Amino acid sequence: MLYVSTRKRAFHLSFKDTVFEGLAPDGGLLVPERIPLLTKKEIEELKDLTYQELAFRIFSLYVSDLSPGELREIIYKSYQSFRTSQVVALKNWGDLYILELFHGPTWAFKDIALQFLGVLFEKLLLETERKINLLGATSGDTGSAAIYGVMDKKNIAIFILHPYQKISEIQFLMMTTVVRPRVYNLAIEGTFDDCQAIVKSIFMDLPFKKKYSLSAINSINWARIMAQMVYYLWAYFRVTEKEKKAQVRISVPTGNFGDIFAGYLAKRMLGEDRIERLILATNENDILARWVNKGDYSVKEVIPTLSPSMDIQVASNFERYLYYFYEEDPDKTRESMERFLRERKLSFSREEVQKIQKDFLSSAVTQEETLETIREFFKETNYILDPHTAVGVRAGLKFKDNFPLICLATAHPAKFPETVNKALGFNFDLPEEIKRLYALPKKFEVLPSEVERVKSFLQDKALI
Ligand SMILES: *Cc1c(COP(=O)(O)O)cnc(C)c1O
């Protein structure tokens, strides 16, 4: 399998290059040159596999430049750090299923992709005798998942900027209690936007970027999408077996369109509307819901909500879907993206909206509804949802119809105890592993919000 850009039919990259490049040289995103359609026989062979073996079979379709032995080793190593042998877990009440994706080291679904990416990076760096320095800004979740993905990996250092004293206590603890020689938490005296601006400005200094082999840890890396396809298929097989039905709907709390794009690929691979539709759940930052329901993809101000990891307006993986929406036409995709960059909006016709709605249903969930859903769901099932998962459950139930419904649980409630306690009306018990974080030593540096100070820190500590 080779990879192509969403914007130009000019080159083909191998899987390894795709992982390293991140972005296509023409500014587009990288996608596989075709999406394999599973045959009935293949589906039959895949449906009873363990999570890791299923991942191996699926990745084998997309990776031609690693040997089967190497690929297996990377997969098994990636998921060793999880608290369940099957990586994910399914809970159900009748034909309503919760797919728990938060059994990795930082208690949120980003671990599933970033643990894999960390192991993969290390392997590829050792092959080429390269070193990299990862640099990123976080408002919470991604930073800790990235740190846990690459800590203890050879030839990789990581520098994560966060706004000092402006992230949640648990997020702060999760990142800063990683006391490792090549892990640097930079607490910036400023806002998340300041952190992002610093990172952006450093990446724009190309000689500096090159000299220190700086690399981003963003959500557009193809390997992350690939890793996320697996749990859609795994859950589809388990649920259809149990329900004796061929079709399901899957509800996905969405921010950057990464997770749900992996769901779209899984839907295409299974074919025959086996995943009948994906339910795209947003919070009050509803650009994607407006797009599915009215064809209005226009940017508004970001509103901070109780599901902060979905507080996004411009979804960085949207372009990948657009490419398939335009029947893999890179010219149409490029034109659309350029128009979007100029006008900050795209409008889709009624016919186009109908086409979008063959893949997605969508609803925007308010913060009040989120709290209510946590409270009501607990009352009915004794199960505690995190605020992101609650957004997905709320939207999912709206569109359940007669289909078995799978709701993705993207974080453990213990990552957002303030909101969850408020919804429940009492303080729920945190897992021991999280309570323990409070007593651990911490490592972080407080720096003023100045590009030059961060740069000189990098000069000092970067691997070269
Ligand atoms: C990142 C995140 C999301 C959104 O995922 P996208 O791939 O950006 O759509 C949802 N829930 C949680 C808990 C997250 O951390």
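**Exercises: a ligand site and a parallel sheet**

A backbone N or O atom of Asp259 lies 3.0 Å from an oxygen atom of the ligand. This is a predicted model, where local features need pLDDT of at least 70, side-chain atom pairs count only at pLDDT 80 or more, and totals for chains, interfaces and linings use all residues. Residues are numbered from 1 along each chain as its sequence is written, and side-chain values use heavy atoms, leaving out hydrogens and water.

**Exercise 1.** Find which polar atoms of Gly255 and Ser309 approach the ligand.

*Solution.* Start with Gly255: a polar backbone atom sits 2.8 Å from a ligand oxygen. Now turn to Ser309, where a polar side-chain atom is 3.4 Å from an oxygen of the ligand. A polar contact here is a pair of N or O atoms within 3.5 Å. Finally, look at the cover: alone, the ligand exposes 380 Å², and the protein buries 96% of that (Shrake-Rupley method, 1.4 Å probe).

**Exercise 2.** Work out the strand order of the open sheet and its edge strands.

*Solution.* First, trace the five strands in the order E8-E5-E6-E7-E15, with parallel pairing. Strands are DSSP runs of at least two residues, numbered from the N terminus, and two strands pair if DSSP finds at least two bridges between them. Next, pick out the edges: E8 (214-216) and E15 (445-448) each pair on one side only. Then zoom in on E6 (residues 156-163) and E7 (residues 183-189), which are joined in the parallel sense over six bridges. Lastly, locate Phe159, whose bridge partner in E7 is Tyr184.

Definitions and conventions:
Helices (H or I, at least four residues) and strands (E, at least two) are DSSP runs, numbered from the N terminus. A polar contact is a pair of N or O atoms within 3.5 Å; within protein, one must be able to donate a hydrogen and the other to accept it, and residues adjacent in sequence count only if both atoms are side-chain atoms.
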